[in-house]
Amino acid sequence: MTSLAIIDRVQVIAVTDASTHRAHLVTDDAVVAGRHAGRYRAVCGELVLAASLTTPERGCCRACAQWRAAR
Ligand SMILES: [Zn+2]
């Protein structure tokens, strides 16, 4: 018997927002789309302005965490 599985291979990275210091999850495609403006559309729908790499993170966005948990 043959089964067909659809595997979601969406890759995401965490991007810390400069104003809230919350980490949001951004897909590879959204990184490419937002790289010139420096703003990235997160999986939760928020538009994220990437913070400096030295900015301390204050946890992950709840909606993004739920998106990841559902995968
Ligand atoms: Zn988010």
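**Reading a hairpin and a nonpolar core**

Tutor: In the hairpin formed by strand 1 and strand 2, six residues lie between the strands, and His21 adopts a positive phi near 65 degrees. Please bear in mind throughout that this is a predicted model.

Student: What is notable about the phi of His21?

Tutor: The general idea comes first: most residues other than glycine have a negative phi. His21 has a positive phi of about 65 degrees although it is not a glycine. Its place is the loop between strand 1 and strand 2.

Student: Is His21 buried, partly exposed or exposed, and why?

Tutor: His21 counts as partly exposed because 13 C-beta neighbours lie inside 10 Å; a buried residue would need 20 or more.

Student: How do the two strands of this hairpin run, and how many bridges join them?

Tutor: Strand 1 (residues 12–16) and strand 2 run antiparallel and are joined by five bridges. Within this pairing, Ile13 stands opposite Val26 in strand 2.

Student: Where does the hairpin fit in the overall order of elements?

Tutor: The protein chain has two helices and four strands. Along the sequence they follow the pattern β-β-α-β-β-α.

Student: How should one read a nonpolar core, and which residues make up the largest one here?

Tutor: In soluble globular proteins, nonpolar side chains tend to be buried together. Here the largest nonpolar core has 10 residues: Val15, Ala23, Leu25, Val26, Ala30, Tyr40, Ala42, Val48, Cys61 and Cys64. Strand 2 (residues 23–27) supplies the largest share of this core, with three residues. Across the protein chain, buried residues make up 20% of the 71 residues.

Student: Why is Val48 classed as buried?

Tutor: Val48 is buried because 27 other C-beta atoms lie within 10 Å, against a threshold of 20 or more. Val48 is found in strand 4 (residues 47–49).

Student: Which residues does Val48 touch, leaving out those up to four places away in sequence?

Tutor: Val48 touches Val15, Asp17, His24, Val26, Arg39, Tyr40 and Ala42. As for His24, its C-alpha atom is separated from that of Val48 by 7.5 Å, and the two are 24 residues apart along the chain.

Student: Which contacts does Cys61 make, aside from its neighbours within four places in sequence?

Tutor: Cys61 is in contact with Arg22, Ala23, His24, Ala42, Cys44 and Glu46.

Student: What share of the contacts with a separation of 6 or more joins residues 24 or more positions apart?

Tutor: In the protein chain, that share is 43%.

Terms used: Residues are numbered from 1 along each chain as its sequence is written. This is a predicted model: local features need pLDDT of at least 70, side-chain atom pairs count only at pLDDT 80 or more; totals for chains, interfaces and linings use all residues. A nonpolar core is a set of buried Ala, Val, Leu, Ile, Met, Phe, Trp, Tyr and Cys residues joined through C-beta atoms within 7 Å. A residue is buried if 20 or more other C-beta atoms lie within 10 Å of its own, exposed if 12 or fewer, and partly exposed in between; C-beta atoms are placed from the backbone. Two residues are in contact if their C-beta atoms, placed from the backbone, lie within 7 Å. Two strands pair if DSSP finds at least two bridges between them.
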